[in-house]
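User: Please take a close look at a single part of this model and explain how it is placed among its surroundings. I would like one connected account that I can follow with the structure open.

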Amino acid sequence: MSLPIIQPTTSKPQKNCCGCGGCESGYVHSIESMGMVDGPGIRTVVFLSGCPLRCKYCHNIDVTVPKSGQSFTPEELVDKVKSNKTYFKSSGGGVTFSGGEPLYQACFLKKCLQRCQKENIHTAVDTSLFTAPKNLKKIIPYTDLFMVSIKQIDVEAHQKLTGVSNEVILKNLKTLAQEKQKIWIRYVLIPEMTNTPEYLKKLVNILKPISPEKIELLPYHQAGANKWKQIGLKNEFEEIRVPTKTEIKTVVEFFEAEKFKVLYNS
Ligand code: SF4
């Protein structure tokens, strides 16, 4: 059994919608307070339901199910986020919208970001950028930081790994750079699949003109593998090994030699 691949949202706007085809409320899988790894400072991380990708290594596969979790209006959600404002202030933190793919609910996301901005809450969006360019443009004015998760740089390998092409992703990445947005890149290191010299060189060539503030390397791990079984899906990555310390070090040194600021958790 497999989940359907859903293309970037281009559907007609509904009544009362700001225009992206979303609606007055959105679906939230879960909310994590006191997050320390999804952006600067102490953060409230909101995991929005639904994702158009099907990354074979996804450790949040349960979050990709559309309309799962709890329904919130933007007011209700931002009221929850606001309760942690003291921690945001003392740590330079804020809210991070993650998923799933937060831009899967672009209209709802925009409204939440707008409200957070009015409350002077720092906003980050953790995204694959697989969305219609008009959706991305909608949230740019209300987003302080884009944490862009690049899955693969090669078109065919991206299709195999995630089920979709990376064409729109690379176009959206260029748009963020042209609009002078603050960008952090996230890249999962999977032995023989994303960490080969060929792919890393291609990635560097794409990223140089983008000038991300930093690159966060995330070694592939098998946490979350059970979630695939729990929702009745076959996990094709059961046999894939995690990268060794030496492999991780090689990639870190490669990016550092290219003058990127690199972060990684071993
Ligand atoms: S983009 Fe993220 S949430 Fe969506 S399938 Fe890939 S890893 Fe999972």
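Analyst: **The strand and its setting**

V188 has L218 as its bridge partner in strand 8. This pair belongs to the parallel pairing of strand 7 with strand 8 (residues 214-219), which is made over six bridges. Between these two strands the chain passes through helix 7, and the resulting β-α-β crossover is right-handed. The model is a predicted one.

Strand 7 also pairs with strand 6, again in the parallel sense, over five bridges. There, I183 of strand 7 stands opposite F146.

How many residues of strand 7 (residues 183-189) are buried? Seven of the seven are, so the strand is largely enclosed by the rest of the structure. Both sides of the strand are involved: I183, I185, Y187 and L189 point one way, W184, R186 and V188 point the other way, and all are buried.

**Contacts with L217 and the core**

Two residues of strand 7, Y187 and L189, are among the residues that L217 touches, with those up to four places away in sequence left out. The others in that list are V251, V252, F255, V262, L263, Y264 and N265. L217 also stands out in the largest nonpolar core, which has 67 residues: together with F97, V148 and F255, L217 touches the most other members. Helix 3 (residues 106-118) gives this core its largest share, six residues. As background, nonpolar side chains tend to be buried together in soluble globular proteins.

Another covered strand is strand 4 (residues 94-98), with five of its five residues buried. Strand 4 runs parallel to strand 2 (residues 43-48) and is joined to it by five bridges, with T96 of strand 4 opposite V45. Strand 4 also pairs in the parallel sense with strand 5 (residues 122-127), here over four bridges, and V95 has T123 in strand 5 as its bridge partner. From strand 4 the chain crosses through helix 3 to strand 5, and this β-α-β crossover is right-handed.

**From the loop into helix 5**

The loop between strand 6 (145-150) and helix 5 holds Q152. Is Q152 buried or exposed? Q152 is buried, because its relative accessible area is 2% and the cut-off for buried is under 20%. A polar atom of the Q152 side chain lies 2.9 Å from the backbone nitrogen of D154. Beyond its neighbours within four places in sequence, Q152 is in contact with A157, H158, L161, N166, M193, T194 and Y199.

D154 makes a further approach at the start of helix 5, where one of its side-chain oxygens comes to within 3.2 Å of the backbone nitrogen of E156. Helix 5 itself (residues 155-162) has A157, H158, L161 and T162 buried. Why do these residues lie on the same side of helix 5? They cover an arc of only 105° around the axis, which puts them there. An α-helix has 3.6 residues a turn, so residues three or four places apart point the same way.

The buried residues of helix 5 pack against helix 6 (167-178) and helix 7 (197-207). On the face turned away from the buried side, helix 5 carries the exposed residues E156 and K160. Just after helix 5, G163 takes a positive phi of about 90°.

**Back to helix 7**

Helix 7, which lies on the path from strand 7 to strand 8, also contains K202. K202 counts as partly exposed because its relative accessibility is 34%. Apart from neighbours within four places in sequence, K202 is in contact with I153 and D154. The C-alpha atoms of K202 and G100, 102 residues apart along the chain, are separated by 26 Å.

To draw this together, strand 7 is paired with strand 6 and with strand 8, and residues pointing either way from it are buried. The helix that follows it on the way to strand 8 is one of those against which the buried residues of helix 5 pack.

Notes. Residues are numbered from 1 along each chain as its sequence is written. This is a predicted model: local features need pLDDT of at least 70, side-chain atom pairs count only at pLDDT 80 or more; totals for chains, interfaces and linings use all residues. Side-chain values use heavy atoms; hydrogens and water are left out. Buried means under 20% relative accessible area, exposed over 50%, partly exposed in between (1.4 Å probe, protein chains only). The arc is that of the directions from the helix axis to the C-beta atoms. Contact means heavy atoms within 4.5 Å. A polar contact is a pair of N or O atoms within 3.5 Å; within protein, one must be able to donate a hydrogen and the other to accept it, and residues adjacent in sequence count only if both atoms are side-chain atoms. A nonpolar core is a set of buried Ala, Val, Leu, Ile, Met, Phe, Trp, Tyr and Cys residues joined through side-chain atoms within 4.5 Å. Two strands pair if DSSP finds at least two bridges between them. A crossover is right-handed if, with the strands pointing away from the viewer, the path from the first strand over the helix to the second runs clockwise.
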